[in-house]
Structure formats: structure tokens, C-alpha cells
Protein chains: 2
Amino acid sequence: MRDRESQTHYRERLREQLISAAGAILCSDGLSALQARRVAADSGCSVGTVYNIFRDIDGLIIAANQRTLSALGERLVTAADAARALPLAGRLMALASAYLDFATENPQRWRAVFEHRLSDGEVVPEYYASDRRRLLGLIAEELVPAIGDASARDDAAYALFSAVHGIVQLSLDEKLETFDVEVCRRRIGFIVENVTSALTGTVAA
Amino acid sequence: MRDRESQTHYRERLREQLISAAGAILCSDGLSALQARRVAADSGCSVGTVYNIFRDIDGLIIAANQRTLSALGERLVTAADAARALPLAGRLMALASAYLDFATENPQRWRAVFEHRLSDGEVVPEYYASDRRRLLGLIAEELVPAIGDASARDDAAYALFSAVHGIVQLSLDEKLETFDVEVCRRRIGFIVENVTSALTGTVAA
């Protein structure tokens, strides 16, 4: 009979294994293919075990999406560090460009983060919400010299993130034409560079 | 026995009726609820008739989405006309604001336009593609005085549209916080006003 510590350890390892299996499914086939039955089969456990560990499929999806946010966050932090010496437009563009590249390389996983919707009244767990806030915080941080007021700065970070996201998403959806990553990057550049130029112009005045 | 003219007329009326039924389903329950069986039942015809008229469900969805684009187009044209006397930022903001209001008032119908994806290799019919281009053309038209080169102007129109779309979509998805239409409009204003200020600054220089 296992003692409590090894049980906790076992459960933790199984949890990791299920999140990995879910992540692999998201990568290859997207959110609509992520079912408890398939994750259980891929991990050699029962469907009941999946529900036992994650309560419901939403719990598992959120855990898998959180890994995506985490991988994205690493890419963004690396990009921000490499651009440290550039002026504001270059720093913001480095973040936006890293976002575009991550989405291009991981289209299904990236899409799952935005496609997943909780049932009415449900909210994402705090660890997930705070990870998202941290990513927006990377943009806000760059804006500190340009926008003094913290609330206006958070608003601006949200607007810039959503704008870049919209350009990446519509391009990847190929809604209006065939996807071309450099055309997409140029359009992102149009927004980022013009916004920055206006912001820093304001600061300089 | 019906002669050919009344047959064509009958078919045309049925086509309209099926598109209306599909539109009503999109409005109330969204794209995932749009099935040929339900449209047939709502219109008092057989599923075979639906497929006979639209070839497949994608054909019907595209026809219903085209009505949405058309209603959106009317709103945008009205907004552009009313803003005719304003400077560029005001004119672009009028278009963006009308877009936000349309999406807020018709969330499911609006979402269906972007959620619908054709099977690999399929392309939307030319009438649909040209309607989409016409909407982007409304933005490009406003940019004529600010951006001389037609290709750069189309790029800018695409970037601005996608940026505004991204802000509206993430806000309506309530991904990061509860939807507040005025907060959303303020963020759109941040992008539109700063981009315009940079563009017209360039022109003035």
C-alpha cells in the first residue's frame, strides 16, 4: 500500500502526463479534438481518472492552455531582453514579432487559448488569469516612459495586444487572402510604428 | 404544371426563405447551431431541397454571412457619410465605432462571419470576396489623402481593420474581463487616434 507522499507524487506525475497528452492533441488536431476519452487512452488511464484529477474537461483544457501561455511568455521575455537597447518602436515590435512567430509555429495550440470558452458564470482559475496579466504586463512595462498614468498604460497595452492579435488571427485564418508571414509582420509594423511615433512625439513635445 | 418562369421564381423565393431562416438561427444560436435539418424544418421543406439549392451547408452559411456583411456595410456607409466633415481621425473612428456597435448588437451573427471556415482547397464565391473587399475599401478610401501609394494604403486599411476587429473580438469574448462597450471604444480610439496622428503628422511635414 502506498503512503500518502508517494500517492501525491503519483497523482502529480499523472497530472503532468495528462497535460502533456492534452497539449499534444491541441498541437496536432486543435481544441475540438480534445476529449477526455482520447487523453485517457493516450495516457493509459481511465476517463474517470481524468475527471478525478481535473474535475471536468475545462479544467484540463485550462491547464494545457496555461502551458501554451507559459511557452509564449518565455518567447516574449527572450524577445524583450534581446531588444532592450532599441527605441520604443523596436522593443514593441520585437514583442509583436515574437507573438506572430509563436502563433505561426504553433497555430492550433495558440488558437486553442482563444477558442476555449467556459460555461456561463464559470471563471478561469486565478493562476491562469495572473499568467495572462503577466503577458500584458510585458507590453505595459515597455510603455512606462511613454505613458505616465498606470491605468491609461494598461489600457494602451491591452489595445496594442488586441490589435496585433487581430492582425495575426485574421491573417492565419486566411480570411481575406493566403497567409504570408512577412506581409502580416509589415501590417503589424504599420500599427506599432505609427502608434509609437505618435506616443513618443507627444512625450517629446 | 408550373412553367419555367414561375419555377425560377419559386426557387428564388425559397432560396430567400432559407437564407432568412439560416440568418435567424445564426442570430439566436450561432454558427454551431446552423444545420441543414433545422433550416429545412424551419422553412417547411426537405433537407434535400436545401442541398439542391445551396449544394452544401457551406453554400448556405456563405449566403447567410453575406447578408451580415451587407447589413454591416450599410451601417458603415451611413457612419462614413455622417462623419464626412470630420478630420481623418474622426472619420476612421466613426467607421470603427459603427463596427463595434454592429458587433455588439449582433454578436452571434457577426461572429459567424469569422468563425466559418471552408474545407481545405475551397474558396469563397467571388460575390462574397468582393463584398469583403468593398468593406475594406471604405477604410482605404478615407486614407487616400494620408497615404498616396495604393498598395501601402490597402495594407494600412487591412491593418487598421484587423486591429479594430481584434480589440472588438477579445472584448466581446470577455477573455480578460467583463465586456464594457465604452472601454472597448476607448481602446479602439487609442489605436485609431495615434495612428492617424502619426500619418497626418507625416503628411504635414
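Q: How much space lies in the largest pocket?
A: About 740 Å³. This is a predicted model, where local features need pLDDT of at least 70, side-chain atom pairs count only at pLDDT 80 or more, and totals for chains, interfaces and linings use all residues. Residues are numbered from 1 along each chain as written, chains are lettered from A and ligands numbered from 1 in written order, and side-chain values use heavy atoms, without hydrogens and water.

Q: Which residues are closest to the centre of that pocket?
A: Arg117(A), Leu118(A), Leu172(B), Asp173(B) and Glu174(B), out of 30 that line the pocket. A pocket is an open set of points on a 1 Å grid where a 1.4 Å probe fits, with protein on both sides within 12 Å along at least five of seven lines; lining residues have an atom within 4 Å of a point.

Q: Which helix gives the most to the lining?
A: α6(B), with four residues. That helix covers 107–115 of chain B; α4 and α7 (126–143) of chain A also supply at least two residues each.

Q: How do the lining residues divide?
A: Eleven are nonpolar, eight polar and eleven charged.

Q: New topic. How many helices and strands does chain A have?
A: Nine helices and zero strands. Helices are DSSP runs of H or I, at least four residues; strands are E, at least two. The C-alpha trace of chain A spans about 75 × 40 × 35 Å along its principal axes.

Q: At what angle do α1 and α4 of chain A pack?
A: About 75 degrees, with their axes 9 Å apart. So α1(A) is roughly perpendicular to α4(A) (65 to 115 degrees).

Q: Which residues of α4(A) make the contact?
A: Leu60(A), Ala63(A), Ala64(A), Asn65(A) and Arg67(A). From α1(A), the residues include Arg15(A), Leu18(A) and Leu26(A). Contact means heavy atoms within 4.5 Å. The contact residues divide into seven nonpolar, two polar and three charged.

Q: What turn lays chain B on chain A?
A: A turn of 180 degrees, with a shift of 0.0 Å along the axis and an RMSD of 0.0 Å. That is the relation of a two-fold axis. The same surface serves both copies, as 100% of the contact residues of chain B recur in chain A.

Technical notes. Axes fitted to C-alpha atoms, helices over the stretch in contact; angles between N-to-C directions. Parallel < 35°, antiparallel > 145°, perpendicular 65-115°, else oblique. Nonpolar A, V, L, I, M, F, W, Y, C, P; charged D, E, K, R; others polar. Least-squares fit on C-alpha atoms with pLDDT ≥ 70 in both. Points joined across faces, edges and corners; volume = space filled by probe spheres on them.
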